[in-house]
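Keep the model open as you read. We will walk through one strand, then a pocket, a sheet and the cysteines.

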Amino acid sequence: MDLMEKFGAAAAKESIRQFCPPRCYELAGQELHFVIDTGEETGAYLLHFLDKRQLEWSKGEGAPKTETYECRKSDDDTYLLTYTVEGSEPRENHTWIIDMENELVTLLRCSLGENPMWPLLVESHFGFGIIQIEGKEHTDIRRHGFTNDVTGTSVRWTYGNSLSTVHVYHDPHWYRIGYPRGETRSADGASGIRALMMEMPSSDEPCYYVKIKEGMYLVSCTEQNLEKILGARFGFRSNTLCFLDNWNRLTSVGRAFGTWTKEGQDQPLLMMIGKYGSPQEVDDHFFTDPIPYLI
């Protein structure tokens, strides 16, 4: 029996979810106190993990809210936790990077509806702070923060047995899709998503890079230009894809949040992602081509 023949096609249908690691339930039953003291989302937060899938969260003296969460690990001590705020309109997503090793935390709050010209556009807001441990003073002044460490890197990320992309981190605030040396856009095929991408002035999209610790970075990109130019034709509408990239292992976990338009109907999207990396050289112009969306 050829197991690849038997299972390969079905596995490939999972797309960017195929290599996603299993859910992590280690936080079930715990209470975590976060103090965000840097960035846009400052304040004290309490997360109470009721069980393997449900948590309550509150900010300051606010009433607790119950959400369904997803949790994955990027290494033995670092968690990516995410949930969509139930009943929020426009929709809002919270993604936490919980760094137990350094007792630090990052909050990425993504929301729709802030731009009246593009109501499905997702905007990103970051806060950085500490994990407050009872009876222990946190004296380290360091926090997670924005970085340009990743600039100048290209890597092939593989999401499934038949799906991979090359990311080119050419600018501290942008990223673009690259192609291996010797390949061109036409060589990648002319159907589906890649055919639509060929209509774009470039694949550049705004991107945030946050250093979590040595060898680990949060990379968050939002498909805003695809939304503005292709809209419903592309299907995936201004989705924010954030990845907790572990460069020590060349593996990554992440989530996608936004909107999916199918058969004319807009549907909320929240999807977990897994991928692994491999070195990939691209032609030099991918690092030097101007960004056509900027003057």
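Start with strand S13, which is covered on both faces. Trp174, Arg176 and Gly178 lie on one side, and they are buried. Tyr175 and Ile177 lie on the other side, and they are buried too. In a regular strand, side chains alternate between the two faces of the sheet. S13 spans residues 174-178, and five of its five residues are buried. Bear in mind that this is a predicted model.

What does S13 pair with? Strand S12, residues 163-171, is joined to S13 by four bridges. The two strands run antiparallel. Val168 has Arg176 as its bridge partner in S13. S12 and S13 make a hairpin, with two residues between them. S13 is also joined to strand S14, residues 205-213, by two bridges. This pairing is antiparallel as well. Here Tyr175 stands opposite Glu205 of S14.

Now turn to the empty space. Rolling a probe the size of a water molecule over the atoms shows where such space is left. The largest pocket holds about 1,000 Å³. It is lined by 37 residues. Closest to its centre are Ile16, Leu163, Thr165, Ile193 and Glu223. Several elements give two or more residues to this lining. They include S12 and S13, the hairpin strands. Helix H2 (192-197) is another. So are strands S11 (153-160), S16 (236-246), S17 (251-262) and S18 (265-279). Which element gives the most to the lining? S12 does, with five residues.

Next, look at the open sheet. Nine strands form it, in the order S4-S3-S2-S1-S9-S8-S7-S6-S5. The pairing is antiparallel. Strand S4 (65-68) and strand S5 (70-75) are the edge strands. Each of them pairs on one side only. From one strand to the next, the twist averages 25 degrees.

Go to the S4 edge of this sheet. S3 and S4 run antiparallel and are joined by four bridges. Gln54 belongs to strand S3, residues 54-59. Its bridge partner in S4 is Thr68. Thr68 is also among the contacts of Gln54 once neighbours within four places in sequence are left aside. The other residues in contact with Gln54 on that basis are His48, Phe49, Thr66, Glu67 and Tyr69. Ala28 is 26 residues from Gln54 along the chain. Their C-alpha atoms are separated by 8.5 Å. Is Gln54 buried, exposed or partly exposed? Its relative accessibility is 24%, so Gln54 counts as partly exposed.

Finish with the cysteines. How many disulfides does the structure hold? It holds zero. Cys20 is in no disulfide, and its nearest cysteine sulfur, that of Cys71, is 11 Å away. Cys71 is in no disulfide either. For Cys71, the nearest cysteine sulfur is that of Cys24, 4.4 Å away. A disulfide needs the two sulfur atoms within 2.5 Å, so this pair does not count as one. Why does Cys71 count as buried? Its relative accessibility is 2%, and buried means under 20%.

Terms used
Residues numbered from 1 in each chain as written. Predicted model: local features only at pLDDT ≥ 70, side-chain atom pairs only at ≥ 80, totals over all residues. Heavy atoms only, no water. Buried < 20%, exposed > 50% of the residue type's maximum accessible area, 1.4 Å probe, protein only. Contact = heavy atoms within 4.5 Å. Pairing = 2+ DSSP bridges. Axes fitted to C-alpha atoms, helices over the stretch in contact; angles between N-to-C directions. 1 Å grid on protein atoms, 1.4 Å probe; cavity = no way out; pocket = protein on both sides within 12 Å on 5 of 7 lines; lining within 4 Å. Points joined across faces, edges and corners; volume = space filled by probe spheres on them.
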